[in-house]
Amino acid sequence: MKLLKTFVAVALVLVLSSATIVREKDRGVYLFGISSSFTDTIAYFTTIQQLDTVQLTKGGVLPFLPNYSSQLENYVEVMKSNPNQTGTVIYSTSKKKIEKDRTKLLNRYKKKMSHQISIIPIEEFTFSPINPE
């Protein structure tokens, strides 16, 4: 009986520790960007990307958020030859939530704002993690 209790306790510890490892593996931030200009009817949307090495602050804010927006703005201005861009980055730790947000914004830009949508594939543009230095 004592051996059975020990075995159950060890099994319980293994299950709980493996659940923690899986949760740690899922850490990271999902994000996508939108870049548009007030003088143009084209809106650029990036694909949803995951940054594994980036963690939100204790307040739930993405560190260096303006730098990620600038990466997208610079890409569109230089590579797409479309100046005066305003970039926005939407982020979440939940992939389902970020997919829902992206779909909602795509529909809003198409229907209510009458923008042409240009999707930037991940092969053309990826967000680079910012190292605090």
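On the surface of this predicted model, a patch of positive charge is formed by K100, K104, R108 and K112. One of these residues, R108, is located in helix α3, which spans residues 95-111, and R108 is partly exposed, its relative accessible area being 39%. Besides this patch, the briefing covers two residues with positive phi and the largest nonpolar core.

**Positive patch**
- R108 can be counted in the patch alongside K100, K104 and K112 because its relative accessible area of 39% lies above the 30% that patch membership requires.

**Positive phi in the loop between α2 and β4**
- S81, which is not a glycine, nevertheless has a positive phi, with a value near 50°.
- The position of S81 is in the loop that runs between α2 (65-79) and β4 (86-92), and with a relative accessible area of 60% the residue is exposed.
- N84 likewise has a positive phi, about 60°, without being a glycine.
- N84 is also found in the loop between α2 and β4, and at a relative accessibility of 58% N84 counts as exposed, since the cut-off for that class is over 50%.

**Largest nonpolar core**
- The largest nonpolar core comprises 14 residues, of which L31, Y68, I120 and F127 touch the most other members.
- At least two residues of this core come from each of β1 (29-36) and α2, and the contribution of α2, at 4 residues, is the most that is given to the core.

Definitions and conventions: Residues are numbered from 1 along each chain as its sequence is written. This is a predicted model: local features need pLDDT of at least 70, side-chain atom pairs count only at pLDDT 80 or more; totals for chains, interfaces and linings use all residues. Side-chain values use heavy atoms; hydrogens and water are left out. Buried means under 20% relative accessible area, exposed over 50%, partly exposed in between (1.4 Å probe, protein chains only). Patches are made of residues with over 30% relative accessible area and no salt bridge: like charges are joined within 9 Å, nonpolar side chains (Val, Leu, Ile, Met, Phe, Trp, Tyr) within 5 Å. Accessible areas come from the Shrake-Rupley method with a 1.4 Å probe; for residues, only the protein chains shown count as cover. A salt bridge is a side-chain nitrogen of Lys or Arg within 4 Å of a carboxyl oxygen of Asp or Glu. Lys and Arg count as positive and Asp and Glu as negative; His and the chain ends are not counted. The place of a charge is taken as NZ of Lys, CZ of Arg, CG of Asp or CD of Glu. A nonpolar core is a set of buried Ala, Val, Leu, Ile, Met, Phe, Trp, Tyr and Cys residues joined through side-chain atoms within 4.5 Å.
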